[in-house]
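I opened this notebook to record what I looked up in one structure. The entries follow the order in which I took up each topic.

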Amino acid sequence: MTTMTFAELGLMKPLCRALADEGYTHPTPIQDKAIPTLMQGGDLLGIAQTGTGKTAAFALPALQWLAEAEGAPTPKSASVLVLTPTRELAIQIAESFQTYGRHLKISCVTIFGGVNQNPQVNKMRRGCDVLVATPGRLLDLMQQGHIRLGGVETFVLDEADRMLDMGFIHDVKRIITKLPAERQTVMFSATMPDEVSKLAASILKKHQRVEVTPPATTVERIEQKILFVNKGDKMELLYDLLTEKDVTRAIVFARTKHGANKIAQQLDKYGVTSDAIHGNKSQAARQRALKGFRDGKIMALIATDIAARGIDIDDISHIINYDLPNEPESYVHRIGRTARAGADGKALSFCCSEELAYLRDIEKTTRTTIAIDSTHKFHAEPIAEQHASGDIPKPPKQGRGQRPQGKVSRRPQRKSRGGGGGKPHRGRSSAPQQRAS
Ligand code: AMP
C-alpha cells in the first residue's frame, strides 16, 4: 500500500465513499501509478498480476470520467469496453465496476459465451456505459449486428498474455480493428511474451508503462514448498494435507479436466467437501462451485489453469499444485490466487519424478529455490536426490508450441488526440441527448 489517499489521487467523493465502504484505505502500488495517468486520458501498459488491485486501477478512472461526461451512451455501443479472457473474470470485473460505482448512475453490461445471447442483446439495445466482454461472444454479437464499437472511448485489454495462451489473440485483434482510432487504450498483462509486446506496440500510443511485480517472479508473501512424492501417493498426500487444521480453504490445481474430476470424486469418497471447476463444466456449474467455495460450503476447489484464472476469493489459505504446470508462468499465476490484497498464503507443490524438469524451469524462471518439505509421510527421497543432482531428463514438449500463432498487423498510425497529451476528446459530450438518470 502507498501513503497517498484515494482523494489525493483526485478521485471524486462518491468513488472515495464506495472505496471506504469496501474497507480500502490506500491505493495499491498499481493504483497509485496508474490512476493519475488514466485520469489524464493517457494510454497505459500495466504489467501486473491479478491480486495487485489492477481492476480498480482501470475501473476507478473510467468511472470518474463517465460520471463527469455528458450525453447518453451510443445505442448498441458502450463508452468503456473491457475485454477479458474468461467468463469468471468478466463477471468479477463487472461486479467491481458496480461496487466502486455504487454511488453513481452507471450502466454496465456483461457479455460472455455459454449462455443464451438474447438477454445480452436486449441489454445492449440502448447502449451502456461499461461493457465487459469475453472476445468470442463479443465478436459473434458484433457480426450479427447487435453490437457496434463506434462509441468506445476507453478500451481496456485485460490479461493480454492469457488471451494469447487461450488462443483468443486473433479474436482480440479483429475486435480492435473495429474500435475508433481515437480512444484511450489500457492494456494489462502479467507477463510480456513477444507477441504481447508486439500487440502493445501496435495499439498503445505514447503510453506509460507501469510494472508492479517483475514478470514471472513469485509473490514474496507466499510461503512456497515442494513436496517430493511418487505419483501413486499423491491422492493420499492430498487427503492428509486437506485434513490438517491450518488448511481452511484450498485451491488444488490439476493439469487436466479429467484429472480434476477424478480428484474431486476421490475426495468426495474420503468425505472432504470439494468441487471441480474446468472448461467442460457449464457456466451454471462453475458459478455454483465458486459460490459454494466462497460461502465456505466446500473447502477445496479442484481447478485447471484456465478455469482458475481470475478467481478472486479472499482467504484462500493454500494453493496445492497436485500436478506441476509445464509453464513457469502458470505456476506464478496459480500461487497468486493466495496472498491476495495483503494476506499471507501458502503454496504447496507436489513433484513426482516426471515433473522434475518442470520444477527446474519454475525455479529458473522465478529465480528462486523453493524450499523442500520432507516432513510428510510420503516423502520420496530418490526424487529429492535426483533434483539435487541436477540430472533431469527433458520433459516432452507441450503447450505454447501447439498454439496457433499469427502475424501481428500493425494498425495504421492513430490521429493525434491534440492538446499535447492533455485529456483526450471525449465524444460523449457531443452526444445530443441528455443522459437518462
Ligand atoms: P485485482 O488485482 O483487481 O483482482 O484485485 C485483487 C483484490 O484486491 C480484490 O479482492 C480487490 O477487492 C482487492 N483490492 C483492490 N484494491 C484494493 C485496495 N486499495 N485496498 C485493499 N484491497 C484492494
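The entries below concern aromatic rings, one lysine, and two sets of strands.

**Entry 1: the model.** I note at the outset that this is a predicted model.

**Entry 2: aromatic pairs.** I asked how many aromatic pairs there are by the centre-distance rule. The count comes to five aromatic pairs. For each pair I describe the distance of the ring centres and the angle of the planes.

I then took up F58 and F97, which form a tilted pair with 6.3 Å centre to centre and 45° between the planes. F58 belongs to helix α3 (residues 54–68) and F97 to helix α4 (residues 87–100), so this pair ties together parts that are 39 residues apart in sequence. I found F58 buried, and F97 likewise.

Next I looked up F58 with F188. Their ring centres lie 5.7 Å apart and their planes stand at 45°, so I entered this pair as tilted. It links distant parts of the chain, with F58 in helix α3 and F188 in strand β6 (residues 184–189), 130 residues apart. F188 is buried, as is F58. I therefore asked which residues the ring pairs link into a cluster, given that planes from 30 to 60 degrees apart count as tilted and centres must lie within 6.5 Å. The cluster consists of F58, F97 and F188.

**Entry 3: a charge over a ring.** I located R249 over the face of F293, at 5.8 Å from the ring centre.

**Entry 4: K234.** I placed K234 in helix α10 (residues 234–242). Is K234 buried or exposed? Its relative accessibility is 3%, and the cut-off for buried is under 20%, so I entered K234 as buried.

I then looked up the polar contacts of the K234 side chain. It reaches the backbone oxygen of Y322 at 2.8 Å. A further polar contact, of 3.0 Å, joins it to the side chain of E355. Leaving aside residues up to four places away in sequence, I listed V229, Y322, D323, F350, C352 and E355 as the residues that K234 touches. Both polar partners, Y322 and E355, appear in that list.

**Entry 5: the seven-stranded sheet.** I traced an open sheet of seven strands in the order β10-β11-β9-β12-β13-β8-β14, with parallel pairing. Which strands are at the edges? They are β10 (274–277) and β14 (371–372), each of which pairs on one side only.

Within this sheet I examined β12 (residues 318–321) and β13 (residues 345–351), which run parallel and are joined by four bridges. For I320 I recorded L348 as the bridge partner in β13. I also found helix α11 (residues 257–270) packing on the sheet, where it touches β10 and β11 (300–303). The direction of helix α11 makes about 170° with that of β10.

**Entry 6: strand β2.** I asked how many residues of β2 (residues 78–83) are buried. Six of its six residues are, and I describe the strand as mostly covered.

I looked up the pairing of β2 with two strands. Five bridges join β2 to β4 (residues 128–133), and these strands run parallel. Four bridges join β2 to β5 (residues 154–157), again in parallel. V80 serves as a reference point on β2: it stands opposite V130 in β4 and opposite T154 in β5.

Note on methods:
Residues are numbered from 1 along each chain as its sequence is written. This is a predicted model: local features need pLDDT of at least 70, side-chain atom pairs count only at pLDDT 80 or more; totals for chains, interfaces and linings use all residues. Side-chain values use heavy atoms; hydrogens and water are left out. Rings of Phe, Tyr and Trp (its six-membered ring) pair if their centres lie within 6.5 Å; planes under 30 degrees apart count as stacked, over 60 as edge-to-face and the rest as tilted. Buried means under 20% relative accessible area, exposed over 50%, partly exposed in between (1.4 Å probe, protein chains only). A charge sits over a ring if NZ of Lys or CZ of Arg is within 6 Å of the ring centre and within 35 degrees of the ring normal. A polar contact is a pair of N or O atoms within 3.5 Å; within protein, one must be able to donate a hydrogen and the other to accept it, and residues adjacent in sequence count only if both atoms are side-chain atoms. Contact means heavy atoms within 4.5 Å. Two strands pair if DSSP finds at least two bridges between them. Axes are lines fitted to C-alpha atoms, for helices over the stretch in contact, and angles run from 0 to 180 degrees between N-to-C directions.
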